[in-house]
Amino acid sequence: MDKVYKKVEVVGTSPTSFSDAVRAAIRRAKETIDHISWFEVVEWRGAVGDGEVTEFQATVKVGFRVDPHE
């Protein structure tokens, strides 16, 4: 049987790092999406307050397998 995948885009945030922002995005996505197989980072950005980095943000496309109806 052929496999079919779908992608959704989510944004993860972290006060400490870009990698933690990616992990936050995947962690939250897996609460409502089954069969997550991969991700791709689309964009890195962050927030600045008083001249200091206050938040790291990662826009992530999450890929997951679409199963046929059982």
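1. Aromatic pairs. In this predicted model, the number of aromatic pairs comes to 2. One of them joins Phe18 and Trp44: the ring centres lie 4.8 Å apart and the planes meet at 65 degrees, so the pair is classed as edge-to-face. The cut-off behind that class is an angle over 60 degrees between the planes.

2. What the Phe18–Trp44 pair connects. Phe18 belongs to helix 1 (residues 18-29) and Trp44 to strand 2 (residues 36-49), so the contact between their rings ties together parts that are 26 residues apart in sequence. Phe18 is partly exposed, with a relative accessibility of 30%. Trp44 also counts as partly exposed, its relative accessible area being 46%.

3. The second pair. Phe18 also forms an aromatic pair with Phe56, again edge-to-face, with 5.0 Å from centre to centre and 80 degrees between the planes. This pair links helix 1, which holds Phe18, to strand 3 (residues 52-66), which holds Phe56; the two residues are 38 positions apart. Phe56 has a relative accessibility of 18% and therefore counts as buried, because the limit for that class is under 20%.

4. The cluster. Through these ring pairs, Phe18, Trp44 and Phe56 are linked into a cluster. Phe18 takes part in the pair with Trp44 and in the pair with Phe56. The cluster thus brings together residues from helix 1 and strand 2, and from strand 3.

5. Secondary structure and contacts. The chain contains 1 helix and 3 strands, arranged from the N terminus in the order β-α-β-β. Among contacts in the chain with a separation of 6 or more, 65% are between residues 24 or more positions apart. Both aromatic pairs fall within that range of sequence separation, at 26 residues for Phe18 and Trp44 and 38 for Phe56 and Phe18.

6. Overall dimensions. The radius of gyration of the chain is 15 Å, whereas a compact globule of 70 residues would have a value near 11 Å. Along the principal axes, the C-alpha atoms fill a box of roughly 55 × 20 × 15 Å.

7. Burial and surface. Of the 70 residues, 26% count as buried, and Phe56 is one of the buried residues. The accessible surface of the chain is about 5200 Å², and carbon and sulfur atoms contribute 49% of that area.

8. Charges. The chain carries 10 positive and 12 negative charges, and the mean positions of these two groups are 5 Å apart.

Conventions
Residues numbered from 1 in each chain as written. Predicted model: local features only at pLDDT ≥ 70, side-chain atom pairs only at ≥ 80, totals over all residues. Heavy atoms only, no water. Helix = DSSP H or I, 4+ residues; strand = E, 2+ residues; numbered from the N terminus. Rg over C-alpha atoms; globule rule 2.2 N^0.38 Å. Buried < 20%, exposed > 50% of the residue type's maximum accessible area, 1.4 Å probe, protein only. Contact = heavy atoms within 4.5 Å. Areas by Shrake-Rupley, 256 points an atom, 1.4 Å probe, with all protein chains shown as cover. Lys, Arg positive; Asp, Glu negative; His and termini not counted. Charge placed at Lys NZ, Arg CZ, Asp CG, Glu CD. Phe/Tyr/Trp six-rings, centres within 6.5 Å; stacked < 30°, edge-to-face > 60°.
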